[in-house]
Amino acid sequence: MKKNPKPIAIHIEMAFFNYLFSPPLVFPLQVPVLQSNNGPGLRGLMTIAAHLVRQARKEQLLGSTAEEKAVVQQWLEYRVTRVNGGSSKEDTRTILKDLNMHLEDKVYLAGNIFTLADILMYYGLHHIMVDLTVQEKEKYLNVSRWFNHIQHYPGVRQHLSDVVFIKNRLYTNAH
Amino acid sequence: MRLRVPPGAPAALKVLAAAAAAPAPVRPHLGGPAERPQTLAPELELRLELDSGTVLFSPNAICQYFYLCRGEEPTDLTTQWLEWEATELQPAVAAALYLRLVQGRAGPEALGLLQPLLAHLEQHLARSGTSHLAGDAASVADVVVWGSLFPVLQDQTSLPGELQVLRSWFGAVSALEPCRAAAALLPEALRELRAHLAQHPPHLPGPPREPQVRPRPGGEGGAQVGTAPLTGCPQQDEESPERALTDDDIAAAVEIWARGPAALPPPREPRTPVLPVEGERNVLITSALPYVNNVPHLGNIIGCVLSADTFARYSRLRGWNTLFVCGTDEYGTATETRALQEGLSPRQLCDRYHALHADIYAWFGISFDHFGRTTTPQQTSIAQDIFQRLLARGFLLQDTLEQLRCERCGRYLADRFVEGTCPSCGYGEARGDQCDRCGKLINAVELQNPQCKLCRGTPVVTPTQHLFLDLPKLEGRLEAWLERTWAAGEWTANARHITRTWLRDGLKPRCITRDLTWGTPVPLDGFRDKVSAPPAPRCPCWALPAGLTCSGRSHSPQVFYVWFDAPIGYLSITANYTEHWERWWKNPQQVELYNFMAKDNVPFHSVVFPCSLLGADDNYTLVNHLIATEYLNYEDGKFSKSRGVGVFGDMAKDTGIPADVWRFYLLYLRPEGQDSAFCWADLMLKNNSELLNNLGNFINRAGMFVCKFFGGTVPAMALTAEDQRLLARVTLEMRQYHQLMERVRLRDALRCVLGISRHGNQYIQVNEPWKRIKGDERDRQRAGTVTGVAVNLAAALAALLQPFVPGVSAAIQAQLCIPPERCGLGPGLTCTLPAGHRVGTVSPLFQKLELEQVEALRQRFGGGQAKEPPPASAPPPAPNTPTAPGDPKVIQELTEQVAQQGNLVRQLKAAQAEKAQVDAQVAKLLELKRQLALAEGRSPEVPKGKRKK
């Protein structure tokens with residue numbers, strides 16, 4: 001690996017960067033490109049995030065066994081292909097449904113370990129979750145539980161607003 | 001490990017190639033073309049099931065997994081190619097294949113968006129000087145990119161000639177053994193792929209395929225409830241009463257529309273008193289009598305009076321002959337305790353609280369025909385009559401009751417005078433009659449560590465003589481009656497369940513007397529002569545019938561136990577309303593009785609009181625429909641008067657939120673079938689999304705169009721097929737509304753109303769009368785029809801809303817100048833405002849609730865207030881009671897407080913205090929500023945840019 005990997009110019013989801021490195025840096029939010037001072041730059045959220053994780057010596061965030069690594073990869077891919085900004089209402093619904101099903105018997109996206117997939121999915125879903133009604137949050141109960149867990153994971157939430165979840169169920173016999 | 005590869009999956013090739021490259025090759029399970037996909041989501045079909053149970057569904061992750069098994073760790077470069085392939089290459093390949101295979105285009109132009117990506121690959125390979133994408137050896141990146149490109153590039157002619165390096169890379173990868181093997185496994189790849197693409201057309205870049213028609217105002221907030229029409233793809237997973245309209249539906253709806261006001265039930269002449277009428281549907285509605293000694297909280301209100309009121313209003317609207325009675329339950333130990341605490345006589349206490357209750361219910365718009373009380377002479381005579389009849393028919397027993405007696409206070413500690421540990425659940429503050437935590441009924445002597453509530457001394461168990469209602473003897477009659485009633489009546493599931501549990505556990509004799517003074521006296525005078533020598537004055541055992549003996553121990557005055565006494569209140573309150581009360585209460589042939597209550601009250605209404613009436617055997621009207629709610633919680637916990645948590649009836653009006661918004665939200669939340677919770681944020685959301693954006697918006701627009709475009713006169717309407725479909729749709733919804741209301745499913749019925757309003761919003765949005773009015777003659781006529789239908793729909797909504805939000809309903813009817821005889825509720829959408837009808841001034845019905853306002857209210861009612869008294873000089877914030885402007889002293893005080901509070905907030909922020917703490921102080925600051933503005937006579941400005949989306 002290169003010496004002095006300190007990035008020069010970065011366009012990446014700021015919150016994630018702040019999660020790995022402090023003090024937080026301020027970047028314009030744009031196409032994710034990571035330009036280091038030697039060698040070609042890196043392109044793509046998933047690629048850059050994985051790169052930074054290795055730089056920060058937090059490889060456990062990428063999973064340790066082959067299976068875990070593949071699962072993390074899968075959810076990172078899901079994150080960048082499906083959960084990316086301006087999705088329609090139907091897409092959002094599908095995403096929440098998929099995730100809700102997946103999370104039914106899991107603590108984290110990759111099962112029992114907290115990984116990069118959780119972090120990036122959290123950032124990707126935040127704008128969706130803040131707009132959900134109480135009823136929808138309840139409908140996607142597993143997603144809500146997971147999201148609430150991740151947002152309280154030390155260091156993850158950063159500047160993002162705390163999404164409120166209600167403990168009592170309101171709509172169990174929802175219409 | 002099991003690899004499933006369905007035919008035609010675009011990613012099949014790369015997955016098969018990667019599988020072939022794995023150290024222990026996996027035999028794929030290839031589905032034939034005949035094999036139907038097992039799941040509905042086609043993208044989930046291709047999958048790798050690992051032995052651990054984990055399922056990988058992403059083709060790239062599957063490829064990655066096989067390479068990880070070979071010990072090849074991902075690098076930045078391979079990850080980047082995989083990401084690029086997933087986000088950019090795949091969609092472009094799908095689009096290009098669609099153009100070629102399905103649409104039949106050929107040549108380089110069919111490559112479309114793929115061209116720049118191919119150029120990117122060419123450039124990378126040329127510039128890096130390596131033979132493969134991530135170095136000189138083939139990696140997962142090569143297999144993945146190759147697999148995607150193969151269907152496009154296998155026909156070499158489609159590859160532009162100038163991409164030489166790419167061409168040789170493609171050739172090299174194709175020659176790799178795993179790739180050759182994979183390609184050989186899929187001989188029919190292209191044909192299958194064509195079929196796949198035809199079924200799942202890719203998202204082509206550019207403008208969306210079909211413009212989304214979305215009702216702008218109503219659909220916001222995403223609270224899709226039930227009947228909302230969902231645009232876009234069909235929603236298989238959304239339960240929706242939307243069914244395809246049949247020609248019959250449309251014909252019926254058009255017929256109802258054309259009948260006009262004639263389709264409405266004739267309005268009833270108001271009569272006082274309301275008495276049953278032969279040949280009519282006579283509906284008698286009671287709401288559980290609220291206990292007088294406390295202020296009701298929102299849960300009490302929705303649990304009985306508001307639910308009963310909504311149904312009573314509906315019942316009247318249907319033209320049924322309806323009597324709705326309620327009153328305060330005033331006798332009993334709780335009142336006595338409370339009176340002692342407040343230093344009043346029980347009567348004084350009841351007078352005060354009865355007025356308080358009456359005020360609260362009046363504010364909420366509860367339409368009692370009579371709101372009475374149980375401490376009346378009628379109560380005494382009716383209760384004593386029932387008692388005598390029970391006694392005469394042998395349904396009363398005498399027995400000794402172990403009772404707690406506090407020697408220090410010199411009194412028997414009946415139920416609520418004693419507290420202790422619950423024998424069932426160990427709750428430390430169980431009351432003598434019931435445990436608040438587990439809800440079990442308790443016999444006071446069973447309490448562990450009992451304490452006298454007045455002096456905190458330890459009471460001792462003392463036997464006393466009491467009378468018991470012999471429930472086991474009445475069980476047979478009760479069961480026969482229940483069987484008949486349940487077959488025909490509307491009983492909520494919880495009511496049936498609780499009743500069944502009571503019967504299953506077996507009925508036991510229940511004590512009906514208490515050693516108290518504040519109650520209906522037990523009348524035994526008629527038997528006085530049967531006892532030889534009264535042991536002491538006022539001992540009830542003076543007059544026991546033969547066979548019953550007095551132990552001589554109980555010599556204090558006795559009254560009826562409240563559970564025996566209180567339900568008789570329904571009768572006595574009616575007797576206070578009319579001397580002909582027996583025409584309601586001894587007339588089961590003509591009267592249908594609805595009891596509304598929360599579930600804790602069920603046994604008294606379904607078992608005990610019916611047994612009293614069955615035993616008294618005087619042709620009483622027994623409950624036909626027992627409607628019980630579950631509990632309403634407050635935010636995350638329970639309402640608690642002592643901890644100051646929750647909103648209580650008398651505070652609701654101080655919030656500045658109109659009574660109808662409270663009614664709406666409580667009914668929207670009505671704990672029907674399941675507990676629910678009041679939540680401030682949700683209140684704001686529902687107010688702003690449902691009331692303001694959906695309902696208010698539609699009704700306001702419909703009225704405004706008539707005013708603005710047609711000078712306030714309803715225009716002529718020429719219905720098209722589309723309008724008829726709307727009529728049919730709304731009529732179907734209304735039919736469902738009626739079914740739900742008749743079954744007292746108020747919450748669901750309210751959702752129906754909101755659904756109808758959504759239909760209206762969508763109708764306006766699609767037809768755009770504001771544009772058509774500027775068009776040619778035909779467009780203007782169309783604008784007229786749409787406006788006319790919309791305003792008639794608004795009129796129908798006014799009627800549909802009347803049971804829920806009567807004030808809003810009246811406001812709509814006043815704005816649209818609907819005459820009273822046309823305010824009824826028809827079976828479907830009918831033309832009640834014909835062309836030429838003049839409407840009045842239309843104005844907004846609802847106000848937006850602001851986050852700051854709601855947050856301040858949440859803080860105020862959240863429970864912290866007990867610890868933190870408001871500053872002495874600042875009046876409690878009450879948004880609708882502004883301080884009289886101009887008082888310089890007040891202004892100065894407030895200015896100082898604003899400055900102080902501002903400093904506090906700055907300090908907290910500087911010290912990086914917790915967000916919740918800062919928010920609370922900011923809310924206070926805003927409120928102080930608002931008061932200051934009011935005091936100075938300015939209109940308080942809403943702080944901008946602080947709102948979260």
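**Exercise 1. Work out how α4(B) and α5(B) are oriented to each other in this predicted model, and which residues join them.**

*Step 1.* Start with the axes: those of helix α4 (residues 114-128) and helix α5 (residues 140-153) of chain B come within 13 Å and cross at roughly 130°.

*Step 2.* Angles over 145 degrees count as roughly antiparallel and 65 to 115 as roughly perpendicular, with the rest, apart from those under 35, being oblique. The two helices α4(B) and α5(B) are therefore oblique to each other.

*Step 3.* Now the handedness: α4(B) passes α5(B) in a left-handed crossing.

*Step 4.* Look at who touches whom. From α4(B) come Leu114(B), Leu118(B) and Leu121(B), while α5(B) brings Val145(B), Leu149(B) and Val152(B). Sorted by character, the residues of this contact are six nonpolar, no polar and no charged.

**Exercise 2. Find which strands stand at the edges of the sheet β11-β10-β12 of chain B.**

*Step 1.* Write down the order: this is an open sheet of three strands, β11-β10-β12, with antiparallel pairing.

*Step 2.* β11 (430-431) and β12 (448-452) of chain B each have a single partner strand, so they stand at the edges and one side of each lacks a neighbour in the sheet.

*Step 3.* Zoom in on one pair: strand β10 (residues 418-421) and β11 of chain B are joined by two bridges in the antiparallel sense. Here Gly420(B) lies opposite Ala430(B) of β11(B).

**Exercise 3. Judge the predictor's confidence in chain B.**

*Step 1.* The average pLDDT of chain B is 81, and 81% of its residues score at least 70.

*Step 2.* Check the weak spots, among them residues 32-44 of chain B, where pLDDT stays under 50. Residues 940-949 of chain B are also below 50.

*Step 3.* For the complex, the predictor gives an ipTM of 0.84 and a pTM of 0.57.

Conventions: Residues numbered from 1 in each chain as written. Chains lettered and ligands numbered in written order. Predicted model: local features only at pLDDT ≥ 70, side-chain atom pairs only at ≥ 80, totals over all residues. Heavy atoms only, no water. Axes fitted to C-alpha atoms, helices over the stretch in contact; angles between N-to-C directions. Helix = DSSP H or I, 4+ residues; strand = E, 2+ residues; numbered from the N terminus. Left-handed = near helix turned anticlockwise from the far one by under 90°. Contact = heavy atoms within 4.5 Å. Nonpolar A, V, L, I, M, F, W, Y, C, P; charged D, E, K, R; others polar. pLDDT = per-residue confidence, 0-100. Pairing = 2+ DSSP bridges.
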